[in-house]
Amino acid sequence: MKNNLYFRILAVMVTLVLAAGVSRGQAAMASGEFSLQGHLTTSNGTPISDGAHTLIANVYAKGSGQLVYTETDNITTTGGIFSSMIGANGVTKMAVDASGQYVLGVAIDNEAEMTPRIDLASSLKSLTADVAANANAVGGFGVSTNDNAKANTLLVLNNQGKIDAGLIDSGIVTGINGIKGSVNLMATGDLAVSTYGNTVGLSFTGTSGSLNYPYTHSVSISSGSAFTLTNTMSASTASFINIGAGMALSAQAASGSAISAASSGTANGAATIDIQNSGGAALNAVSTVAGDAVVKLQNKSSAANAKLLTAFDEGGSTVLDIASGGKTTINSASADALDVTSTAAGEAAVKVTGGLKLIGPAGVGVVQMGQLQTTINNAFCKPNSIILITVNGGGINAVPLQVIGQNNGAFVVAAFNGAAALAGNVTFSYLIINQ
């Protein structure tokens, strides 16, 4: 396509950065961008139409004509004047050699590149030439290799590729607690150190007690758990022990569970929650939610010996055992194994549905043939005990029986007729009720 446009440079402003690896006396390479301002007219000198246009910028090595950089920009003209940043939109960054010379070729709206090409040698070399020649100054900044550096000075690395310590000792952190060089962070007790890339993480392992108390921390989360303890060993996940007068653990929740604990361990005797207190209540649970339990227990094991609750006395003996099926066993060395009191007038303190089985205060006896009475020895018998007798059978079924005497540990059962010895054995069952 015939070139019908003319281009005149108004200004070139260079913003280049020295490439890594430049040393004194070597040719310097630079990369970056330069601002290009120009004026576009038609062949008769009239500015091209205002609006959007396409600009292709080509940078060539002067003399050889080798293309070293190209990019396509979208520009907007006003009165033919435009401004564009060259070096920002290419496939690769533009790089120039301080010792080389370069020219710029421009094409507008897919027309042929304008001629002649524009000499850029002095513009692109302005930032790199002085550095490449002697490295004493760059863009008005001084260059220093010793600790006499002042403000507005570029520092040169020493023969070890490092900045001299005298230049930075008081300016940046060069050590931790007097330690310099490679510093390793180590932890003791409950504290663990982990690294994730350039991040150092601190966490508590829970292997020994090294937290400072009282410890208080508040978090606000929309879901999940605010505090989680995970144990991969066979012991308890958490143990709260209080030997004072306060509470070992206080947990409150507006909804849901204040404490939710789960254990999949198989070690016998290992508790999911272990609470101990030598003063006051080891566990104090309070709820104001109607229709819901203060404490819920569930054992999902299908084993026949699965337990819901087991309680021990001070010697470690089982005093209360509730199986997952509901069977409750009480073992007590006290006078009353179960003491139940009701303040509801006319109502039973204990209601049993489905029958009642008693072992110890109930039993069987026999009044032998030819005898009139028999003595039953039972430790549950007291002088004021109520003793119920039921005749089961015998040689004389019609013979009634009665209790004619009782003391601590024994009572006497005799036949009512008493006139003659019984003609056969009479068996009976008895029940002792202590008031």
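A residue counts as buried when its relative accessible area is under 20%. Keep that cut-off in your pocket, and remember that what you're looking at is a predicted model. With that said, let's take a walk through a few parts of it.

Start with a little sheet near the residues numbered in the 370s to 410s. Three strands make up this open sheet, and their order is β22-β25-β24, with antiparallel pairing. Out at the edges you'll find β22 (373-377) and β24 (401-407), each of which pairs on one side only. Going from one strand to the next, the twist averages 25°. If you're new to sheets, here's the basic idea: strands pair through backbone hydrogen bonds, and they can do that either parallel or antiparallel.

Now zoom in on β24 and β25. Strand β25 covers residues 410-415, and six bridges join β24 to it, with the two running antiparallel. You can trace the pairing residue by residue: L401 stands opposite A415, and G405 has V412 as its bridge partner. What lies between these two strands? They form a hairpin with two residues between them, and G409 in the turn has a positive phi of about 90°.

While you're on β24, stop at Q406, which is found in that strand. Is Q406 buried or partly exposed? Its relative accessibility is 23%, so Q406 counts as partly exposed. Buried would have needed a value under 20%. Next, look at who Q406 touches. Setting aside neighbours within four places in sequence, its contacts are C381, K382, P383, N384, S385, I387 and F411. Take S385 as an example: Q406 and S385 are 21 residues apart in sequence, yet their C-alpha atoms are 8.3 Å apart in space. The side chain of Q406 also reaches the backbone oxygen of S385 at 3.0 Å. On top of that, a polar atom of the Q406 side chain lies 3.1 Å from the backbone oxygen of P383.

One name on that contact list, F411, leads us to the aromatic rings. A pair of aromatic rings is described by the distance of the centres and the angle of the planes. How many aromatic pairs are there? The count comes to one. In that pair, the ring centres of F411 and Y430 are 5.2 Å apart and the planes sit at 75°, so the pair is edge-to-face. The cut-off behind that label is an angle over 60 degrees. Because F411 lies in strand β25 and Y430 in strand β26 (residues 426-433), the pair ties together parts that are 19 residues apart in sequence. And here's where our opening definition pays off: F411 and Y430 are both buried.

Rings can have other partners too. Over at Y60, the charged end of R117 sits over the ring, 3.6 Å from its centre.

Finally, visit another open sheet of three strands, in the order β18-β19-β20, again with antiparallel pairing. Why is one side of β18 and of β20 left without a neighbour in the sheet? Both β18 (307-312) and β20 (328-330) stand at the edges with a single partner strand each, so one side of each has no neighbour there. The twist in this sheet averages 5° from one strand to the next. Strand β19 (residues 318-323) pairs with β20 over three bridges in the antiparallel sense, and L320 stands opposite I330 in β20.

Key. Residues are numbered from 1 along each chain as its sequence is written. This is a predicted model: local features need pLDDT of at least 70, side-chain atom pairs count only at pLDDT 80 or more; totals for chains, interfaces and linings use all residues. Side-chain values use heavy atoms; hydrogens and water are left out. Two strands pair if DSSP finds at least two bridges between them. Helices (H or I, at least four residues) and strands (E, at least two) are DSSP runs, numbered from the N terminus. Axes are lines fitted to C-alpha atoms, for helices over the stretch in contact, and angles run from 0 to 180 degrees between N-to-C directions. Buried means under 20% relative accessible area, exposed over 50%, partly exposed in between (1.4 Å probe, protein chains only). Contact means heavy atoms within 4.5 Å. A polar contact is a pair of N or O atoms within 3.5 Å; within protein, one must be able to donate a hydrogen and the other to accept it, and residues adjacent in sequence count only if both atoms are side-chain atoms. Rings of Phe, Tyr and Trp (its six-membered ring) pair if their centres lie within 6.5 Å; planes under 30 degrees apart count as stacked, over 60 as edge-to-face and the rest as tilted. A charge sits over a ring if NZ of Lys or CZ of Arg is within 6 Å of the ring centre and within 35 degrees of the ring normal.
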